[in-house]
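Q: I am new to this structure and would like a close look at a single part of it. Please take the strand pairing as the way in, then show me what lies around it.

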Amino acid sequence: MITDLRIDNFKSLKDVDVSFGPLNFVVGPNASGKSNFAEALDFLSHAVRDNLAYAVAEKGGFFNICHRRQRRARGGISFSVRTRFKRKENVYEVKLAFELRTKGEEIRADFYVA
């Protein structure tokens, strides 16, 4: 189970910190970022299941997923996920964190993991 999630500069999401419980609901007014939050979870699942290059391509490229005010400023997209799970008597806690940055300011610039 994911216990904590931090997202920065993904689409409209900037400096988002969420702690999860056993059951969670995402509610809010129109244009508050609910769909982009779901997109971020989908992106993260592709990044972990497949790879980062595939996840970025699946969402239309770095330019399409970067926060709109950071696109030309070469701002990075960062994720930090903490999860906890139990196997037999042991409890494991895992943290995954990464940041994506562009190599240039062009719309189709390549990205790299910082």
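A: Strand S1 covers residues 2–8 and pairs with S3 in antiparallel fashion, through six bridges. One facing pair here is Ile2 and Thr83, the latter in S3. S1 also pairs with S2. That pairing is antiparallel too, with four bridges. Here Ile7 stands opposite Val16 of S2.

This is a predicted model. Mean pLDDT for the protein is 88, and 89% of its residues reach 70 or more. Confidence peaks in S2, at a mean of 96. It is lowest in strand S5, residues 111–113, at 81.

Now place the strands in the whole chain. The protein has three helices and five strands. Read from the N terminus, the order of elements is β-β-α-α-α-β-β-β. The chain has 114 residues, and 35% of them are buried. Take the contacts between residues at least 6 apart in sequence: 48% of these join residues at least 24 apart. The accessible surface is about 7,400 Å², and carbon and sulfur atoms account for 49% of that area.

Stay with S2 for a moment. Val18 lies in this strand. Its relative accessible area is 23%, so Val18 counts as partly exposed. Val18 sits 13 residues from Leu5 in sequence, yet their C-alpha atoms are 5.2 Å apart in space. Leu5 is also one of the contacts of Val18, along with Thr3, Asp4 and Phe37, once neighbours within four places in sequence are left aside. On strands at large, one rule helps. In a regular strand, side chains alternate between the two faces of the sheet.

Follow the chain onward from S2. A loop runs between S2 (16–19) and helix H1 (34–49), and Val27 is in it. Val27 is exposed, because its relative accessibility is 72%, and exposed means over 50%. Val27 also belongs to a nonpolar surface patch of about 420 Å². Its partners in that patch are Leu23 and Phe25.

Next comes H1, and with it the charged groups. Side chains of opposite charge can pair when their charged atoms come close. The structure holds nine salt bridges. One of them joins Glu39 and Lys59, with N and O 3.2 Å apart. Glu39 lies in H1, while Lys59 lies in the loop between helix H2 (52–58) and H3, so this pair ties together parts that are 20 residues apart in sequence. The two ends differ in cover. Glu39 is partly exposed, with 28% relative accessible area. Lys59 is buried, because its relative accessibility is 15%, and the limit for buried is under 20%.

Lys59 has another partner in Asp42, where the closest N and O atoms are 2.5 Å apart. This pair also links distant parts of the chain, since Asp42 is in helix H1 and Lys59 is in the loop between H2 and H3, 17 residues away. Asp42 counts as partly exposed, at 31% relative accessibility. Now step back to the group. Lys11, Glu39, Asp42 and Lys59 are linked in a network of salt bridges.

Lys11 leads to the next stop, His67. This residue is in the loop between helix H3 (62–65) and strand S3 (77–87). His67 is buried, because its relative accessibility is 8%. What does His67 touch, beyond residues up to four places away in sequence? The list is a run of residues: Asn9, Phe10, Lys11, Ser12, Leu13 and Lys14. So Lys11 appears twice in this tour: as a contact of His67, and as a member of the salt-bridge network.

One more charged pair lies further along the chain. Arg101 forms a salt bridge with Glu99, and the closest N and O atoms are 3.1 Å apart. Arg101 is partly exposed, at 29%. Glu99 is partly exposed as well, at 24%.

Back to the starting point. S1 pairs with S3, and S1 pairs with S2. From S2, the loop with Val27 leads on to H1. Glu39 in H1 then reaches Lys59 in the loop between H2 and H3.

Definitions and conventions:
Residues are numbered from 1 along each chain as its sequence is written. This is a predicted model: local features need pLDDT of at least 70, side-chain atom pairs count only at pLDDT 80 or more; totals for chains, interfaces and linings use all residues. Side-chain values use heavy atoms; hydrogens and water are left out. Patches are made of residues with over 30% relative accessible area and no salt bridge: like charges are joined within 9 Å, nonpolar side chains (Val, Leu, Ile, Met, Phe, Trp, Tyr) within 5 Å. Accessible areas come from the Shrake-Rupley method with a 1.4 Å probe; for residues, only the protein chains shown count as cover. A salt bridge is a side-chain nitrogen of Lys or Arg within 4 Å of a carboxyl oxygen of Asp or Glu. Helices (H or I, at least four residues) and strands (E, at least two) are DSSP runs, numbered from the N terminus. Buried means under 20% relative accessible area, exposed over 50%, partly exposed in between (1.4 Å probe, protein chains only). Contact means heavy atoms within 4.5 Å. Two strands pair if DSSP finds at least two bridges between them. pLDDT is the predictor's confidence in each residue, from 0 to 100.
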